[in-house]
Amino acid sequence: MGLADDAKNKFEETKGKAKETIGEKTGDDALEFDGKKEQGSAAIKDAVSTVKDEAKKLANKVQEAFSGDDDEDNKAE
């Protein structure tokens with residue numbers, strides 16, 4: 001994902017931590033749970049982003065492997 005998505009995920013995680021902490025300190029179980037839920041959501045989005053990035057890298061490696069060295073030789077000529 002892009003930087004904007006990464007920033008959104010980090011904000012969601014931070015907001016979740018704040019809600020969880022406030023919920024713990026005030027005894028508001030619903031707010032604490034909501035904070036944990038937001039943190040989990042951000043973690044899942046981050047993991048999906050990482051998987052997508054790694055899949056793109058792998059796809060590029062596979063494409064390079066099948067394209068062979070002929071393309072590199074033609075660029076030099």
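## A buried glutamate in α1

At 15% relative accessibility, Glu 12 counts as buried, because buried means under 20% relative accessible area. The model behind this value is predicted. Glu 12 sits in helix α1. Beyond its neighbours within four places in sequence, Glu 12 is in contact with four residues: Glu 38, Ser 41, Ala 42 and Lys 45.

Which residue forms a salt bridge with Glu 12? The partner is Lys 45, and the N to O distance is 3.1 Å. This pair links distant parts of the chain. Lys 45 belongs to helix α2 and Glu 12 to helix α1, with their positions 33 residues apart. Lys 45 has a relative accessible area of 36%, so Lys 45 is partly exposed. Glu 12, by contrast, is buried.

## The chain as a whole

The chain has 77 residues, and buried residues make up 14% of them. It holds 3 helices and 0 strands. From the N terminus on, the elements run α-α-α.

Take the contacts in the chain with a separation of 6 or more. Residues 24 or more positions apart account for 39% of these contacts.

## How α1 and α2 pack

Two packed helices are described by the angle between their axes and the distance between the axes. Helix α1 covers residues 3–26, and helix α2 covers residues 29–67. Their packing angle is about 160°. Their axes lie 7 Å apart. Angles over 145 degrees count as roughly antiparallel, and α1 and α2 are therefore roughly antiparallel to each other. The crossing of α1 past α2 is left-handed.

Many residues meet across this pair of helices. On the α1 side they include Asp 6, Asn 9, Glu 12, Glu 13, Lys 15, Gly 16 and Lys 19. On the α2 side they include Leu 31, Asp 34, Glu 38, Ser 41, Ala 42, Lys 45 and Ser 49. What is the make-up of this contact, in nonpolar, polar and charged residues? The residues of the contact divide into 3 nonpolar, 7 polar and 14 charged.

## Salt bridges

How many salt bridges does the chain have? The count comes to 9. One of them joins Glu 38 and Lys 15, whose closest N and O atoms are 3.9 Å apart. The cut-off is 4 Å, so this pair counts as a salt bridge. Here too the pair links distant parts of the chain. Glu 38 is in helix α2 and Lys 15 is in helix α1, 23 residues apart.

The burial of the two partners can be stated for each. Glu 38 has 11% relative accessibility and therefore counts as buried. Lys 15 has a relative accessible area of 36%, so Lys 15 is partly exposed. Glu 38 and Lys 15 also belong to a network of salt bridges. The network links Lys 15, Lys 19, Asp 34, Lys 37 and Glu 38.

## A bridge within α1

Glu 13 and Lys 10 form a salt bridge through their side chains, at 3.5 Å from N to O. Both residues lie in helix α1. They are 3 residues apart, about one turn of the helix.

Are these two residues buried or partly exposed? Glu 13 has 24% relative accessibility, so Glu 13 counts as partly exposed. Lys 10 has 48% relative accessibility, so Lys 10 counts as partly exposed. Glu 13 is also among the α1 residues that meet α2.

## Ser 41 and Gly 16

Ser 41 is a residue of helix α2. Ser 41 is one of the contacts of Glu 12. Its relative accessible area is 25%, so Ser 41 is partly exposed.

Where does Gly 16 stand relative to Ser 41? Along the chain, the two are 25 residues apart. In the model, 9.3 Å separates their C-alpha atoms. Gly 16 in α1 and Ser 41 in α2 are both listed where the two helices meet.

Terms used
Residues numbered from 1 in each chain as written. Predicted model: local features only at pLDDT ≥ 70, side-chain atom pairs only at ≥ 80, totals over all residues. Heavy atoms only, no water. Axes fitted to C-alpha atoms, helices over the stretch in contact; angles between N-to-C directions. Helix = DSSP H or I, 4+ residues; strand = E, 2+ residues; numbered from the N terminus. Parallel < 35°, antiparallel > 145°, perpendicular 65-115°, else oblique. Left-handed = near helix turned anticlockwise from the far one by under 90°. Contact = heavy atoms within 4.5 Å. Nonpolar A, V, L, I, M, F, W, Y, C, P; charged D, E, K, R; others polar. Buried < 20%, exposed > 50% of the residue type's maximum accessible area, 1.4 Å probe, protein only.
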